[in-house]
Amino acid sequence: MVQFAQVIVDVPSLQTNRPYDYVIPAVWQAQLQPGMRVVVPFGKGQRQVQGFVVGTTAAPPDYNGELKTIAAVLDLQPVLNPELLALAKWLAQWTFAFQISCMQTMLPSVMKASYSKKVRLTGAATVATTAIFHDQTELDFADLAPEVIKQLLKWQQQHLVEVVYEVHDRAKVKTLKAVQPLLTAADYTAAAAKVPANAKRQHELLAFLAAHAAAKAPIPMHEITATTELTLAPVHAGVAKGWLRLVDLETYRDPYAELASAPRTQPLTLTAEQATAVQQITAAGEQKRDQVFLVEGVTGSGKTEIYLQAIQAAITAGRTALMLVPEIGLTPQMVARVRGRFGEHVAVLHSGLSTGERYDEWRRIERGEAQVVVGARSAIFAPLQHIGLIIMDEEHESSYKQDEMPRYHARDVALWRAKYHHCPVVLGSATPSLESRARAQKGVYQLIRLKERANHQPLPEVTVVDMKNELKKTKEDNFSSLLLQELRKRVLHQEQSVLMLNRRGFSSFVMCRDCGFVLQCPNCDISLTLHMDTHSMKCHYCGHEEAIPQVCPNCQSRKIRYYGTGTQKVETELHTLLPEARILRMDVDTTRRKGAHGKLLRQFGNHEADILLGTQMIAKGLDFPDVTLVGVLNADTALGLPDFRASERTFQLLTQVSGRAGRAEKKGEVIVQTYNPEHYAIRLARHHDYEGFYKREMTLRHQTGYPPYYYTILVTASHEEENEAAKKIFQLMTQIKPALSKQAILLGPTPRAIARVNKRYYYQMVIKYKREPHLQQVLTQIMQENQARHGIQISIDREPLSFI
DNA sequence: AGCACGCCGACT
DNA sequence: GTCGGCGTGCTC
């Protein structure tokens with residue numbers, strides 16, 4: 001009989017990043033299993049926190065203090081299975097994060113408890129207490145002023161009030177009220193005879209019950225109200241008379257209800273290349289090899305069909321499949337495609353779902369009701385069992401890396417799970433990350449190259465326009481004459497165009513034309529960005545918001561204007577230049593509302609607009625047959641950034657956006673505007689030459705010593721005082737340096753590009769290395785020694801996406 | 001993260 | 001002398 005449990009508590013700090021022992025109450029000893037959530041007392045006082053059981057034992061643990069007892073068990077079944085528990089442990093070490101943070105990232109957010117601290121009146125109310133409590137007996141600390149809290153704490157010592165801690169489990173199952181007939185049809189007919197004739201509704205209810213008595217199954221109330229005149233009132237009367245029972249039916253919130261009935265599609269005929277790819281992947285699955293395939297294929301080479309057929313094979317073999325898609329690529333089109341093939345066996349997880357919807361999808365997976373999971377980054381933690389295949393589409397996408405704790409890359413998690421389940425991983429992309437492509441070169445991954453397009457269409461023609469010349473010709477800085485002319489042509493022929501404004505490394509700010517003053521964030525060293533939708537200036541780092549200035553705060557001039565190019569400005573400009581064109585704008589401002597993204601795409605698909613204007617988000621995953629022109633307004637804004645991945649990002653973006661043109665029978669054309677037409681990223685993207693780009697960029701990375709030739713780790717120290725942060729990072733350097741071999745390279749320490757964010761100063765250093773057996777241990781030790789003391793914060797980011 | 005304990009300065 | 005500031009350390 002197990003009597004003791006090891007619990008990871010919901011206190012995200014380094015000192016508490018380990019299991020604590022608790023006594024299991026006798027009633028739970030038979031049921032409690034690792035992976036269940038519990039509520040436990042923790043620390044002095046009455047504080048209670050949520051925790052995860054990670055182990056149970058019969059023998060008393062080796063602990064000299066007095067053990068506390070588990071206060072409540074929140075689950076009947078473990079929410080983390082043994083695999084996910086092991087994964088959480090590994091992930092915490094790998095990303096230098098807390099185990100509790102890893103566990104919470106794996107689960108729908110509603111399963112993280114919310115806490116409240118309240119003060120309750122214990123004795124009779126007095127004049128003094130009434131002044132604070134009024135007619136209430138309980139107050140929430142969060143609503144109280146500091147002076148009031150002081151008074152209450154005094155009363156607590158006199159036992160006039162008590163402080164209580166509440167742990168709320170927010171995971172609520174959605175239920176439907178349903179009517180369950182209890183009697184037979186004959187009984188109902190008999191009962192009807194005794195009911196007065198004027199009780200019309202009761203007769204109707206009895207007739208309804210008689211008709212459904214045979215099935216005995218509960219009928220959801222909403223179905224009853226939809227088909228009859230009955231309401232809840234007569235049903236309650238029926239309950240009182242013992243005719244029926246009202247039950248709560250568990251149900252799921254189905255975000256894709258309208259797609260459930262999507263017509264089922266049949267597997268398409270594969271090209272020879274595709275067939276070989278499917279065969280190789282399937283073979284690895286059958287042999288239970290955790291092999292990684294890198295499928296490199298241009299847009300239209302039919303990667304999705306390969307995924308679908310490989311998934312089909314996994315399901316046929318009685319296993320499940322996990323498919324990751326970048327958040328932005330998780331369009332209704334993509335979901336429809338997977339649902340079309342696998343119907344209700346598919347569960348979808350992405351950030352557009354409400355927390356309740358997400359929880360329900362998660363439960364469906366956990367219960368084994370879905371064999372295929374499609375989702376964005378965190379879906380890699382889906383509680384699927386017997387995984388037979390993991391797919392990562394657009395594997396180069398930066399959204400697969402989480403930029404907050406735990407800073408994990410979904411690819412690393414995918415590889416871990418594949419090893420656990422002995423199943424293959426498929427990484428797919430038209431422009432693989434250099435890391436993955438290099439691994440394929442070395443034979444660590446198996447490279448599958450798709451050289452032809454499934455529809456045998458030629459790739460679109462790409463024209464590069466040198467904006468340096470264009471600027472001399474016209475005053476317009478956003479539109480070249482060629483692009484305008486081609487846009488006009490498309491509007492005339494009722495064909496559609498997509499325009500992309502590259503916003504990376506770029507923002508719209510307010511500057512005074514007289515004195516050059518730029519409005520800055522008071523907390524961070526960065527300009528505020530203009531937001532026309534809210535008519536305010538916002539800081540993208542800390543969220544600070546203020547009004548748009550009418551006069552320059554520095555010189556009082558009225559000539560304070562908006563600088564930089566935003567989609568709104570381009571839209572206005574385009575309206576003037578092409579008044580006949582109908583324009584749809586898609587950017588963070590117009591897609592913030594839930595479902596807005598899909599709605600805009602639907603409108604464009606229905607030809608409600610001629611031109612779709614947007615930021616990077618339009619580059620991915622859209623598939624509109626009537627788009628014959630794609631324009632990139634500013635291809636090179638990212639090239640100027642001091643980031644070693646700038647060229648790679650630019651190449652990927654241009655290739656991806658080019659793929660949006662001419663996806664059906666119509667031939668597509670791409671116009672790329674740039675100030676750097678000679679740059680190799682632009683030149684090679686123009687010729688759709690990924691392999692050429694790969695070779696060129698690898699040479700450069702080799703020369704400069706960057707990934708994939710080196711692994712990288714970013715160490716950051718921050719403090720409210722600039723010199724404290726600097727002092728700390730130098731101290732860390734002296735600590736790390738002796739543990740490294742001569743092959744490792746230390747960059748920095750340096751202040752971060754945006755040195756101050758949210759009133760804190762950031763200093764960082766980058767470790768570049770190939771093989772450092774002691775590094776993990778030293779960094780783990782550093783994290784443990786520097787436990788948020790003296791106001792210093794340390795963070796470690798393995799393989800950061802950028803150093804700036 | 002909270003919370004208590006403990007050691008220094010400014011008050012009834 | 002005590003109240004309370006926050007630096008330090010612990011939570012099964």
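Tutor: A polar contact here is a pair of N or O atoms within 3.5 Å. The model is predicted.

Student: How far is the side chain of Y165 from a phosphate oxygen of DNA strand B?

Tutor: Y165 is among the residues that surround DNA strand B. The pair joins an N or O atom of the Y165 side chain to a phosphate oxygen of that strand. The distance is 2.3 Å.

Student: Which residue offers a polar backbone atom to a phosphate oxygen of DNA strand B?

Tutor: Set the side chains aside for this one. R47 reaches a phosphate oxygen of DNA strand B with a polar side-chain atom, at 2.7 Å. The backbone pair lies at 3.3 Å, and its residue is P12.

Student: How do the residues of the surface near DNA strand B divide by class?

Tutor: The strand is surrounded by V11, P12, S13, K44, R47, K117 and Y165. Of its atoms within 4 Å of the protein, sugar and phosphate account for 50%. The residues divide into three nonpolar, one polar and three charged.

Student: Now DNA strand C. Which residues come nearest?

Tutor: There are 15 residues around this strand. By class they are six nonpolar, four polar and five charged. The nearest are R18, D21, Y63, K68 and H790.

Student: What share of the atoms of DNA strand C within 4 Å of the protein is sugar and phosphate?

Tutor: Take the atoms of DNA strand C that come within 4 Å of the protein. Sugar and phosphate account for 39%.

Student: Which side chain has an N or O atom 2.4 Å from a phosphate oxygen of DNA strand C?

Tutor: Y22 also has a side-chain N or O atom by a phosphate oxygen of this strand, but at 3.5 Å. The pair at 2.4 Å belongs to K68.

Student: Which residue has a polar side-chain atom 3.3 Å from a base nitrogen of DNA strand C?

Tutor: This partner is a base nitrogen, not a phosphate oxygen. The residue is Q15.

Student: Which element gives the largest share of the surface near DNA strand C?

Tutor: Its share is three residues. The element spans residues 20-23. That is strand 2.

Student: At what angle do helix 11 and helix 12 cross?

Tutor: Helix 11 covers residues 303-316 and helix 12 covers residues 332-342. Their crossing is right-handed. The axes come within 11 Å, and the angle is roughly 35°.

Student: Which residues of helix 12 does helix 11 meet?

Tutor: Helix 11 brings T304, E305, L308, Q309, I311, Q312 and I315. The contact has six nonpolar, three polar and three charged residues. On helix 12 the partners are M334, R337, V338, R341 and F342.

Terms used: Residues are numbered from 1 along each chain as its sequence is written. Chains are lettered from A and ligands numbered from 1 in the order in which they are written. This is a predicted model: local features need pLDDT of at least 70, side-chain atom pairs count only at pLDDT 80 or more; totals for chains, interfaces and linings use all residues. Side-chain values use heavy atoms; hydrogens and water are left out. A residue is near a molecule or strand if one of its heavy atoms lies within 4 Å of it. A polar contact is a pair of N or O atoms within 3.5 Å; within protein, one must be able to donate a hydrogen and the other to accept it, and residues adjacent in sequence count only if both atoms are side-chain atoms. Helices (H or I, at least four residues) and strands (E, at least two) are DSSP runs, numbered from the N terminus. Ala, Val, Leu, Ile, Met, Phe, Trp, Tyr, Cys and Pro count as nonpolar, Asp, Glu, Lys and Arg as charged, and the others, Gly among them, as polar. Axes are lines fitted to C-alpha atoms, for helices over the stretch in contact, and angles run from 0 to 180 degrees between N-to-C directions. A crossing is left-handed if the near helix is turned anticlockwise from the far one by less than a right angle, and right-handed if clockwise. Contact means heavy atoms within 4.5 Å.
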